[in-house]
Amino acid sequence: MQALYAQLLVGLINGSFYALLSLGLAVIFGMLNIINFAHGALYMMGAFVAYFLLNLGGINYWWALLIAPVIVGIFGMILERTMLQWLAGLDHLYGLLLTFGLALIIQGVFQNYFGSSGLPYSIPDVLKGGMNLGFMYLPIYRAWVVIFSLIVCIGTWYLIERTRLGAYLRAATENPTLVRAFGINVPRMITLTYGLGVGLAALAGVLSAPINQVRPLMGENVIIVVFAVVVIGGMGSIMGSIITGFALGVIEGLTKYFYPEASNTVVFVLMVLVLLVKPTGLTGRAA
Amino acid sequence: MTAMTDDSIPATSRAVHDEMIAFGVMTAMLAIVPLTGIYPFFVMQALCFALLACAFNLLIGYGGLLSFGHAMFLGTAGYVTAHALKVWGLSPELGILAGAAAAAALGVITGLVAIRRQGIYFAMITLALSQLLYFIYLQAPFTHGEDGIQGIPQGRLFGVFDLSKPTVLYYVVLAGFLGGFLLIYRTINSPFGEVLKSIRENEPRAVSLGYKTDQYKLLAYILSGTLAGLAGSLKVFVAQNASLTDVEVAMSGQIVLMTLVGGLGTVFGPVVGAFIIVAMQQYLSGLGQWVTVIQGAVFVVCVLTFRRGIIGEIAHFFRRSL
């Protein structure tokens, strides 16, 4: 039973990353009509920025949680301003190809300097150790990742669905021209949205640094799984992305316990099943 | 929404005339390669990728479907052909047939799933499906995991042509490429191809005219996958191995890049693009990971400034169809 609970926890942690990443993808897709293939590379950048902050600047984990997403977010906004914005009005697929190219560049540069092996990032002292819950041993850092991710996800949901800024954002997704007529600077909102989505990816990167080590290719496979998560959940709903992300992480964790050979493939198999039963995704509407 | 391909030049008799001349020039140039002293293995490898890119282009350029998982056909056919030759001891022609048949079967299965969504979702689904296959091949015993299948016997095609001789192998690969190329050319200029283009331009209208667009898309997908499989089977004879690199996402990305550089939706663009990218890898192989960075940069430059691709730009400038 111990092993089962341990795998469930691993599943919840992976689910946190899937949720943060698919949430960002959904927000970006809503405003920019672009599937951000560079999301995995920016997730990796978040982890690397945290690593640099600690080893070069002596800035600890807690500040990195704040600073790394901001730095990567600004980097993302520069990408949006200099490149992505020129794709407005073109076929969606060009955005996918451009961001795929960006992912190759970013990952290639990091691989050149850091190879393919992992760099260690230690858990902050406060979160070291664990608690014995009686039925399992719970490492504090892992519990922290799940809880903190949940708070960030729900915070993002609240920002978009319940605040005035979020209302502007949703309105601009529906009809940008009309929203501009009301005097709202939609291009600036698009840039900020991209920065927000990218910042969420970088945050996931910082959270994962102490667990998965910091590796140049850490985002390469994750992004494809997140694509499958997005296909399963549909990109129409913020809450849908969050729930699907966590749920698939848990299912993956359970698979690792009951049938480990399929743990790499279970998300993709589920995607196929969902497509056969409900092609628009679980929360999606017909295009 | 602007379509991904430039179709301002209508298919007229002049267009067919231009394309025939270009085809004649291409065939003549490829036919004399063994006489010129150019390293034949480089050209053979490029020809396999050219066929692969042409097959991919049939989907994106004429059907508007971006498959981000075409490496799965290359890799599957490669593994099946390699296994058939080495373990079952089949003759080369049967090995190629088995590889292409496996790719066709894979096309039916994955096609039925993937065509349920359009546009961007189609790309993500094909990508996920190819990743699913990657993990299956990583664990399946017959692929030998990280090592791949090595030391594959080349044998005699139809019991006559000795494929271990580079010149013979070259003309066999060339014949395979030209056969696949002509089949694709015939397809895009057939009534079926016209319906496919109409689906690319406006699917709801094609539906309203009574076309069962899903069937057209599925058929195009299976044809494209089978020809990509043929390329994978031929590649086994050239490289004499079948490995996981042929199923990786990076390979699917390269197929997209070749077609994009040459020109999406042009007849000869994928061929030119394949030669450029294969040559680039050959000459830059000493640079290590910088090759990835350069490929990424080519992607970015192409998408931002050069969306018609090389052949597309030439055709547009001279107002010709190529």
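This note covers the contact between chain A and chain B and the aromatic rings of the predicted model.

1. Basis. The model is predicted, so local features need pLDDT of at least 70 and side-chain atom pairs count only at pLDDT 80 or more, while totals for chains, interfaces and linings use all residues. Residues are numbered from 1 along each chain as its sequence is written, chains are lettered from A in the order in which they are written, and side-chain values use heavy atoms, without hydrogens and water.

2. Extent of the interface. Chain A brings 45 residues to the contact and chain B brings 40 (contact means heavy atoms within 4.5 Å). About 4,100 Å² is buried between the two chains, and carbon and sulfur atoms give 78% of that area (accessible area, 1.4 Å probe, lost on putting the two parts together, summed over both).

3. Polar terms. Zero salt bridges are found across the interface of chain B and chain A (a side-chain nitrogen of Lys or Arg within 4 Å of a carboxyl oxygen of Asp or Glu). Seven residue pairs, both at pLDDT 80 or more, are in polar contact between the chains (a pair of N or O atoms within 3.5 Å; within protein, one must be able to donate a hydrogen and the other to accept it, and residues adjacent in sequence count only if both atoms are side-chain atoms).

4. Helices on the chain B side. H6 (119–139), H11 (249–262) and H13 of chain B each supply at least two residues of the side that touches chain A. H6(B) gives the most, with 13 residues. Helices are DSSP runs (H or I, at least four residues), numbered from the N terminus.

5. Aromatic pairs. The whole structure holds 34 over all chains (centres of Phe, Tyr or six-membered Trp rings within 6.5 Å; planes under 30 degrees apart are stacked, over 60 edge-to-face, the rest tilted). Tyr113(A) and Trp290(B) are edge-to-face, at 6.2 Å centre to centre and 85° between the planes. This pair joins two chains, because Tyr113(A) lies in helix H4 (residues 92–114) of chain A and Trp290(B) in helix H13 (residues 290–305) of chain B. Tyr113(A) is exposed at 60% relative accessibility, and Trp290(B) is partly exposed at 31% (buried is under 20%, exposed over 50%, partly exposed in between; 1.4 Å probe, protein chains only).

6. Arginine over tyrosine. The charged end of Arg307(B) sits over the ring of Tyr94(A), 5.7 Å from its centre (NZ of Lys or CZ of Arg within 6 Å of the ring centre and within 35 degrees of the ring normal). Within chain B, the charged end of Arg117(B) sits over Tyr121(B), 3.7 Å from the ring centre.
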